[in-house]
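Trainee: Could you take a close look at one part of this protein with me? I would like to follow a single strand and its partners.

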Amino acid sequence: MLMSVSQEKFKEMLKDKGLKVTNQRLLVLEVLASNREKHMAAEDIYELVQKDYPEIGLATIYRTVQLLLEMQLVDRINLDDGRVRYEIGEFYDGEGKHHHHHLICKTCGKVLSFKGDLLEELERHIEEEKGFHVLDHELKFYGHCKECKSKTN
């Protein structure tokens, strides 16, 4: 597996939280980092990790993903298909927390990420109007991807 994120930074974060650095934790993070566009469920992560480490169990993957979620290294996404999915957290990219949104094709089910936060003005308005400070938001757009759209034209 190619390292696309800094294992050293991840090890440091684990140690800062008083947690042990384990191969399983590093592997799960690497699989998510290497498959950013796939929005993976725990079972998907398990299949990829198991290729290199067949002794790993699905329960270990679930526990590890939960830990990474609590550490805010991964984000949980619900794409309304009955499966909970995970992706590497935007904060871990080193660019600070920024939002990205999901474009969901109603025909083929493909999920695309769309970066860029156009809702900052709305968040500012909400805070001024209601005194409510928005920490995060999730936005999903439903429609038809370019490929499906071209098939119907």
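Which strand forms a hairpin with S3, and how many residues lie between them?

Mentor: Happy to! Keep in mind that we are looking at a predicted model. The partner you are after is S4: S3 and S4 make a hairpin, and 5 residues lie between them. Look at Gly109 in that turn, where phi is positive, at about 85 degrees.

Now let's go along the strands themselves. S3 covers residues 100–105, while S4 covers residues 111–115. The two pair in the antiparallel sense, with 5 bridges. To find one of these pairings on your screen, pick His100, whose bridge partner in S4 is Lys115.

S3 also pairs with strand S5, residues 140–143. Here the sense is parallel, and there are 4 bridges. You can locate this pairing from His102, which has Lys140 as its bridge partner in S5. So S3 pairs with S4 in the antiparallel sense and with S5 in the parallel sense.

How covered is S3? Mostly: of its 6 residues, 5 are buried. Here buried means that under 20% of a residue's relative accessible area is left. As you turn the view, remember a general point: side chains in a regular strand alternate between the two faces of the sheet.

For a last stop, let's visit the largest nonpolar core, which has 24 residues. Helix H2 (23–34) is among the elements giving two or more residues to this core, and H2 provides the largest share, 7 residues. Val28 is one of the members that touch the most others. Beyond its neighbours within four places in sequence, Val28 contacts Ile45, Ile61, Thr64, Val65 and Leu68.

Technical notes: Residues are numbered from 1 along each chain as its sequence is written. This is a predicted model: local features need pLDDT of at least 70, side-chain atom pairs count only at pLDDT 80 or more; totals for chains, interfaces and linings use all residues. Side-chain values use heavy atoms; hydrogens and water are left out. A nonpolar core is a set of buried Ala, Val, Leu, Ile, Met, Phe, Trp, Tyr and Cys residues joined through side-chain atoms within 4.5 Å. Buried means under 20% relative accessible area, exposed over 50%, partly exposed in between (1.4 Å probe, protein chains only). Contact means heavy atoms within 4.5 Å. Two strands pair if DSSP finds at least two bridges between them.
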